[in-house]
Amino acid sequence: MELINWEERLLPYRQAVDELVVKITNMKREYEALKLVAPIEEIHGRVKTISSILDKAGRRNIPTEMIFKKLEDIAGIRIICRFVEDIERVVNIIRQRSDLDLEVLEEEDYITNTKESGYRSYHMTVKYKMITIDGPKDVLCEIQIRTMAMNFWASIEHSLRYKYSGNLPDELKSRLRNCADAAFQLDKEMATIRDDIIEAKMISETKNNLVDGIVKNLHNLYYVAKVEKVSSLNKKFIEIYQGGSLEELRDFSSKLQTMAKLYKVEYV
Ligand code: 0O2
């Protein structure tokens, strides 16, 4: 049997994971820059560890020489969403990339078809097309899409599985199943207050952006305007920030912008 050069064999998977994480992160940034509600909350990527590859190959009776052909999740991407309905949006975004930089080979909906363990997630197996120094190369990758609540459950259950080497006691299994259902109930409840949650997020982002702009304009004015004037503006800003409304903060920001424009140090 030929000795596997793991470092070399796993290299394309590392490249695929890095590239996909960057691409999906940029997608999220695009939504944010356009002030649209991104269906993506977090993106994680990993290449399976050698021991996890060997464990899975053993469980599935995959001969060593077939590992890289048969195991579809050596490269794995996890996309975490806020709401269950965002999952479908993400799935459609990935489907739309078909024939561009990837091909969707298989989809498994463990949300509709919840696993016996209670596991919920949407899985897509894709063939990701990359360019390496040896030319084009296709790499299999599993994309898991799930909500924050589903992810919380899965990560706890995963570590318990590990602790019990896959043989969870029946009582624990049944409690975990109840927890999975409770987490899904939480997802459903959150969906009913989705609009409020989105509005709250928008308000907090608007506030952050206003504060960033104000601080930068104050900083720029400090070099060109009278020190006492900038100090009093800074005092006013703190007052409004701590006790005023968002409207007052917006007002203050636009007045400061006008002033910075006059001094030709406007931060946009
Ligand atoms: P890891 O360490 O996360 O990579 P199976 O034959 O049922 O074991 P299969 O056919 O490879 O699994 O595909 P499936 O069912 O789509 O599962 C692939 C991955 O989904 C798993 O990879 C887990 O990441 C996740 N997953 C599936 N079922 C469960 C579950 O019951 N609990 C948790 N926490 N995760 C699950 P690995 O290689 O098993 O694990």
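This dialogue reads the ligand site and the cavities of a predicted model.

Me: What kind of model is this, and how are its residues numbered?
Reply: It is a predicted model, in which local features need pLDDT of at least 70 and side-chain atom pairs count only at pLDDT 80 or more, while totals for chains, interfaces and linings use all residues. Residues are numbered from 1 along each chain as its sequence is written, and side-chain values use heavy atoms, with hydrogens and water left out.

Me: Which residues come nearest to the ligand?
Reply: A residue is near a molecule if one of its heavy atoms lies within 4 Å of it. Of the 19 residues around the ligand, K48, K56, R60, K115 and S117 come nearest. A polar side-chain atom of R60 lies 2.6 Å from a ligand oxygen atom, and for S117 such a distance is 2.7 Å.

Me: How is empty space found?
Reply: Rolling a probe the size of a water molecule over the atoms shows where empty space is left. On a 1 Å grid over the protein atoms alone, a cavity is a set of points where a 1.4 Å probe fits but cannot get out, and lining residues have an atom within 4 Å of a point.

Me: What volume does the largest cavity have, and how many residues line it?
Reply: Its volume, the space filled by probe spheres set on grid points joined across faces, edges and corners, is about 160 Å³. The largest cavity is lined by 15 residues, with L36, V37, A38, I198 and K201 nearest its centre.

Key. Polar contact = N/O pair within 3.5 Å; in protein donor to acceptor, adjacent residues only side chain to side chain. 1 Å grid on protein atoms, 1.4 Å probe; cavity = no way out; pocket = protein on both sides within 12 Å on 5 of 7 lines; lining within 4 Å.
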